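Please open the structure in your viewer and keep the selection box at hand. This tour suggests what to select at each stop and then describes what is there.

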Amino acid sequence: MDAQENLARQFNALPKEWQAWLEENLERGCAPIDLANILLREGLIDLNKDFSAPIYTEEQHYRELEQAAAAEQTQLSSTFTPEQKKWLAQMLLDGLSKAEIYQSLMKQGFNENDIAFEWVQLKQHPYFQIAEEQHFLLKKRNWLLHTLDRFARLNPEYQLIKRISKPDFADFIQQYYSRNLPVILTDAIQHWPALHKWSPQYFKQAVGTQEIEVQFNREQDPLFERNSIQHKTKMRMSDFVDLIEQTPHSNNFYMTANNAKASQSSLAALFQDIDHFHGYTDHAQVYDRSFIWFGPKGAFTPLHHDLTNNFLVQIYGRKKVTLIPAMQTPHLYNDVAVFSRIADPHRPDIVKSFPDFAHSSKIECILNEGEALFIPLGWWHCVESLDISMSVSFTHFNIDNAGAESFPSLSGH
């Protein structure tokens, strides 16, 4: 029997529901090789076996076990722990073949009847049926993002950040804001008093006696950004300046946007040094929608994305910003809210721990004094201070910038 005849015999011997699936997808124009690969992954065909004899013995065996378990389930009970149940559900959702699941569980000491019973219970459970539907939708959206990202990479500008002179607002919206593309404006804040006045000593002179909020003891907590509330500390600005100037390199303390918001009344004098932004923003909101960042060389913000479009304006010192396109989210191990399990994408062994990260593309830039980086909503980024650094971020654009309001939350949390 030649290979083509062997394969045709296997297709003809598929269970009825799989034959209907195959016919439907062929009619839709799906590539036969893609459908064959799915059947291979499901263990329904095997190119290495001679199927002149009856085929699918293993598949039929498991199906018969499950039919028996379904008929006797009132007399049976589960031997799986909650963790083992979760494992089985995850493997099914991930598309592991039935044979691989059975064999893996049998190596753990389960007999075939116990596995068949648990399989039937899981497949019949309405919660799992909903999970299957939602998992399919998630995979479909991830496929769409991955495909669009692949096409976007055909444009060289997608994988670099332009440095340009400030465009007028309409051009900025057309070329960058509406296209979800970052850009650095090199000359947008030359008129800001902050650019010419701000320094650690200026902060000490202008607001040194004021109490401010900062994050502290960050280096003792790998999840310091997620747990930022636990790291809040009050201190005088003059003491914070002294600490920064006496520390050559540290990520242990930092005044972030959230801390600046809490310290707004204390920092009021500094907001007078932030001027207009060429009609891009409603300057009347500068006090409420601008945020000051101040920290030592080495201050680091781990990988995350924002829920609005932002400008990050560098006033004093330099920062290294690493960005990853929003469409690459499926490769970035997003686990909680806006955070990734990958804190530092520059870690040398990062792909060993997070293999899907190999499909992402990092874009790095140095943000110098007087430059403004547009960070689009959803773009992943991490930021490292290369010097003692002072920055301002803002979100009050004169155009739709909603995102945070409709961001989903886990029900019951």
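In which loop does Ser361 lie? Select Ser361, and you will find this residue in the loop between helix H16 (350–353) and strand S12 (363–367); here helices (H or I, at least four residues) and strands (E, at least two) are DSSP runs, numbered from the N terminus. Before going further, note that this is a predicted model, in which local features need pLDDT of at least 70 and side-chain atom pairs count only at pLDDT 80 or more, while totals for chains, interfaces and linings use all residues. Residues are numbered from 1 along each chain as its sequence is written, and side-chain values use heavy atoms, with hydrogens and water left out.

**First stop: around Ser361**

Is Ser361 buried or exposed? Ser361 is buried, because its relative accessible area is 8%, and buried means under 20% relative accessible area, whereas exposed means over 50% and partly exposed is in between (1.4 Å probe, protein chains only). Now show the surroundings of Ser361: leaving aside residues up to four places away in sequence, Ser361 touches Arg153, Gln159, Leu323, Ile324, Pro325 and Gln328, where contact means heavy atoms within 4.5 Å. If you also select Val313, the C-alpha atoms of Ser361 and Val313 are 24 Å apart in space, and the two residues are 48 apart in sequence.

**Second stop: strand S9 and its partners**

Select strand S9 (residues 319–324), which is mostly covered, since six of its six residues are buried. Turn the view to compare the two faces of S9, and you will see that both are covered, with Lys319, Val321 and Leu323 buried on one side and Lys320, Thr322 and Ile324 buried on the other.

Add S12 to the selection: S9 and S12 run antiparallel and are joined by five bridges, and two strands pair if DSSP finds at least two bridges between them. Within this pair, Thr322 stands opposite Glu364 in S12.

Next, add strand S14 (residues 380–385), which is also mostly covered, five of its six residues being buried. S9 and S14 run antiparallel and are joined by six bridges, and among the bridge partners you can pick out Lys320 with Glu384 of S14 and Lys319 with Ser385 of S14. Strand S7 (residues 300–304) is likewise antiparallel to S14, with three bridges joining the two, and Thr301 has Val383 of S14 as its bridge partner.

**Third stop: a sheet of six strands**

Select the six strands that form an open sheet with mixed pairing, and follow them in the order S1-S2-S13-S8-S15-S6. Strand S1 (163–164) and strand S6 (290–295) stand at the edges, each with a single partner strand, so one side of each is left without a neighbour in the sheet. Inside this sheet, strand S2 (residues 183–185) and strand S13 (residues 372–375) pair in the antiparallel sense over three bridges, and the bridge partner of Val183 in S13 is Phe374.

Then show helix H9, which lies across S1, S2, strand S8 (310–316) and S13 and runs at about 55° to S13; the axes are lines fitted to C-alpha atoms, for helices over the stretch in contact, and the angles run from 0 to 180 degrees between N-to-C directions.

**Fourth stop: the nonpolar cores**

A nonpolar core is a set of buried Ala, Val, Leu, Ile, Met, Phe, Trp, Tyr and Cys residues joined through side-chain atoms within 4.5 Å. Which residues touch the most other members of the largest nonpolar core? Select Phe172, Trp198 and Phe277, which do so among the 61 residues of this core. Helix H9 (residues 169–177) gives the most to this core, with five residues.

Zoom in on Phe277, which touches Leu185, Ala188, Ile189, Trp192, Phe311, Val313, Ala372 and Phe394, again leaving aside residues up to four places away in sequence. A second, separate core has 21 residues, including Leu88, Ala89, Ala99 and Ile115.

**Last stop: the domains**

Finally, colour the protein chain by its division into domain 1 (3–42), domain 2 (55–124) and domain 3 (155–403), with bounds that come from an automatic or database domain assignment. The C-alpha centres of domain 2 and domain 3 lie 50 Å apart.
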